[in-house]
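Trainee: I am new to this structure and would be grateful for a guided reading. May I put my questions in turn?

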Amino acid sequence: MEQYRPGHYMDFSWQMCYANDRFDVDWFRSCASVQQMKLLGREYPKYKDDPMASYVVNYWQALGVTKDFYPCDLETAPSRRDAHHYSALRPAQYREEAYPVVYFCHGGGQDAFDAETYGMAERIPQDGFLYVCPNHYGPEEFDRILGEMAENGYPIDQRRIYVMGFSGGSGSAAEIALAYPERVAGVALFPGPNAFNQMDLQTVPQPFLNNPALRVPVLCMGGTCDGGDNWPLVDDTSFQNLNHWMESVSRVPGYQPTNLAEAKQRMAQSKSQVERVFGLGFDRGYVDEIEDTYCYVGDYMAEDGVALARFCSVAGLPHGVFPMFLGVAWAFLSKFSRNTETGTLEYPKPEMDFRTRRVKKEEEPK
């Protein structure tokens with residue numbers, strides 16, 4: 001049952017959580033990722049109308065991050081939400097010749113300023129990347145913004161451009177990956193189901209027909225207590241979108257198309273904990289500890305044992321994008337790069353075949 005439930009502190013901006021009836025608000029308030037979000041969420045949102053306020057600039061400078069803001073003519077936009085401004089956050093001092101890009105499409109009803117508070121930008125000093133938050137998203141805006149950044153001298157590693165999206169923005173992230181697969185080295189969708197429910201992928205996109213070398217890795221990650229964007233997908237059309245993505249976009253070898261009836265059967269009868277969560281028949285599934293909870297993980301693998309598509313569901317979390325999600329997303333995506341001449345996806349080969357690798361037991365953690 002999906003609904004909005006109280007989930008906030010008096011000094012925390014989340015007043016309601018989109019969560020199902022398994023949601024434990026007391027645990028949620030105390031979990032590590034929410035505590036991290038609370039630190040930034042207390043003051044930062046007050047400056048939405050002044051995105052380069054001294055508090056904002058100083059906050060990032062203290063972390064070794066520089067924020068740049070590129071405004072647009074608000075008089076030509078129907079509303080502030082429709083304005084085509086964007087922010088770009090970068091290491092305060094460049095130490096490399098080129099940096100990967102994380103291009104993040106914010107959630108529906110939010111804006112670029114909200115995307116700055118998700119927790120990704122705090123990772124810049126340790127992981128070294130350029131973090132781009134567009135206010136108005138879509139493939140055309142992606143092309144415009146990255147082109148403008150290149151003209152402005154940002155040291156972009158064109159081989160390592162990753163697109164992420166939260167909630168309504170996950171559909172836009174998927175659209176960008178489909179429109180520019182020769183430029184996007186990987187995509188992360190939070191939580192994932194809504195992107196497949198929203199997209200129209202009934203035929204193979206032309207870039208993939210033109211170049212058989214193209215394949216786009218994907219991470220889908222959400223919480224088991226999401227209020228509506230959860231597994232299984234809503235209908236067979238959504239499953240057709242998923243099937244086309246796995247077969248023609250990620251190009252998972254030996255992928256077996258599925259449908260809603262099969263997914264429901266797996267969720268009811270499978271001996272695998274992971275398959276019962278997602279309703280999908282993975283090449284590999286396991287349960288892993290993550291911060292103060294645990295995560296169900298299902299992988300579809302490439303020919304050489306590298307996960308091309310990863311599905312994660314974290315126990316206890318509602319609809320949202322959390323710092324722990326972003327750490328998982330970066331660890332998954334950052335190993336992939338795109339050969340800019342051939343379009344081929346490149347990545348380190350695994351040390352052993354995934355079929356013999358030790359993983360966590362498929363058990364419910366105590």
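Trainee: How many helices and strands does the chain have?

Mentor: This is a predicted model. Buried residues make up 55% of the 366 residues in the chain. Counted along that chain, the secondary structure comprises 13 helices and 14 strands.

Trainee: What share of the contacts in the chain with a separation of 6 or more comes from residues 24 or more positions apart?

Mentor: One such long-range approach involves Tyr 18, a residue of strand β2 (residues 16-20). Tyr 18 and Gly 227 are 209 residues apart along the chain, yet their C-alpha atoms are separated by 4.7 Å. Among contacts with a separation of 6 or more, the share from residues 24 or more positions apart is 68%.

Trainee: Is Tyr 18 buried or exposed?

Mentor: The limit for a buried residue is under 20% relative accessible area. Tyr 18 has a value of 18%, so the term that applies is buried.

Trainee: Which helix gives the most residues to the largest nonpolar core?

Mentor: The largest nonpolar core holds 58 residues, and those touching the most other members are Phe 104, Tyr 131, Met 164, Phe 190 and Met 221. The leading helix gives 7 residues to this core and spans residues 323-333: helix α13.

Trainee: How many residues form the other core that lies apart from it?

Mentor: Val 184, Leu 214, Phe 239 and Phe 311 are among the members of this other core. Its number of residues is 57.

Trainee: Is the aromatic pair of Phe 104 and Phe 190 stacked or edge-to-face?

Mentor: The chain has 32 aromatic pairs. In the pair of Phe 104 and Phe 190, the rings lie 6.1 Å centre to centre with 15° between the planes. Planes under 30 degrees apart count as stacked, so the pair is stacked.

Trainee: Which strands hold Phe 104 and Phe 190?

Mentor: Phe 104 is buried, and so is Phe 190. The two residues are 86 residues apart, so a link between distant parts of the chain results, from strand β5 (residues 99-105) to strand β8 (residues 186-190).

Trainee: How far apart in sequence are the parts tied together by the pair of Phe 278 and Phe 311?

Mentor: The rings of Phe 278 and Phe 311 meet edge-to-face, at 6.2 Å centre to centre and 70° between the planes. Both Phe 278 and Phe 311 are buried. Because Phe 278 belongs to helix α12 (residues 273-278) and Phe 311 to strand β12, the pair ties together parts whose distance in sequence is 33 residues.

Trainee: Why is strand β11 largely enclosed by the rest of the structure?

Mentor: In a regular strand the side chains alternate between the two faces of the sheet. In β11, Thr 293, Cys 295, Val 297, Asp 299 and Met 301 are buried on one side, and Tyr 294, Tyr 296, Gly 298 and Tyr 300 are buried on the other. The strand, which spans residues 293-301, is therefore largely enclosed, its buried residues being 9 of the 9.

Trainee: Which residue of β11 stands opposite Tyr 286?

Mentor: Strand β10 (residues 284-290) pairs with β11 in the antiparallel sense over 7 bridges. The hairpin of β10 and β11 has 2 residues between the strands, and Glu 291 in the turn has a positive phi of about 50°. Opposite Tyr 286 stands Val 297.

Trainee: Which residue of β12 stands opposite Tyr 296?

Mentor: Strands β11 and β12 (residues 307-314) run antiparallel and are joined by 7 bridges. Their hairpin has 5 residues between the strands, where Gly 305 takes a positive phi near 90°. Opposite Tyr 296 stands Ser 313.

Trainee: What is the omega of the cis peptide bond that joins Trp 231 and Pro 232?

Mentor: Pro 232 is found in the loop between β9 (218-223) and α10 (236-249). A cis bond also runs from Phe 190 to Pro 191, with omega near 5°. For the bond of Trp 231 and Pro 232, omega is about 5°.

Trainee: What is the phi of Ser 167?

Mentor: Ser 167 is located in the loop between β7 (156-166) and α7 (168-179). Ser 167 is buried, with a relative accessible area of 14%. Its phi is positive in a residue other than glycine, with a value near 55°.

How values were computed:
Residues numbered from 1 in each chain as written. Predicted model: local features only at pLDDT ≥ 70, side-chain atom pairs only at ≥ 80, totals over all residues. Heavy atoms only, no water. Core = buried A, V, L, I, M, F, W, Y, C linked by side-chain atoms within 4.5 Å. Buried < 20%, exposed > 50% of the residue type's maximum accessible area, 1.4 Å probe, protein only. Helix = DSSP H or I, 4+ residues; strand = E, 2+ residues; numbered from the N terminus. Pairing = 2+ DSSP bridges. Contact = heavy atoms within 4.5 Å. Phe/Tyr/Trp six-rings, centres within 6.5 Å; stacked < 30°, edge-to-face > 60°.
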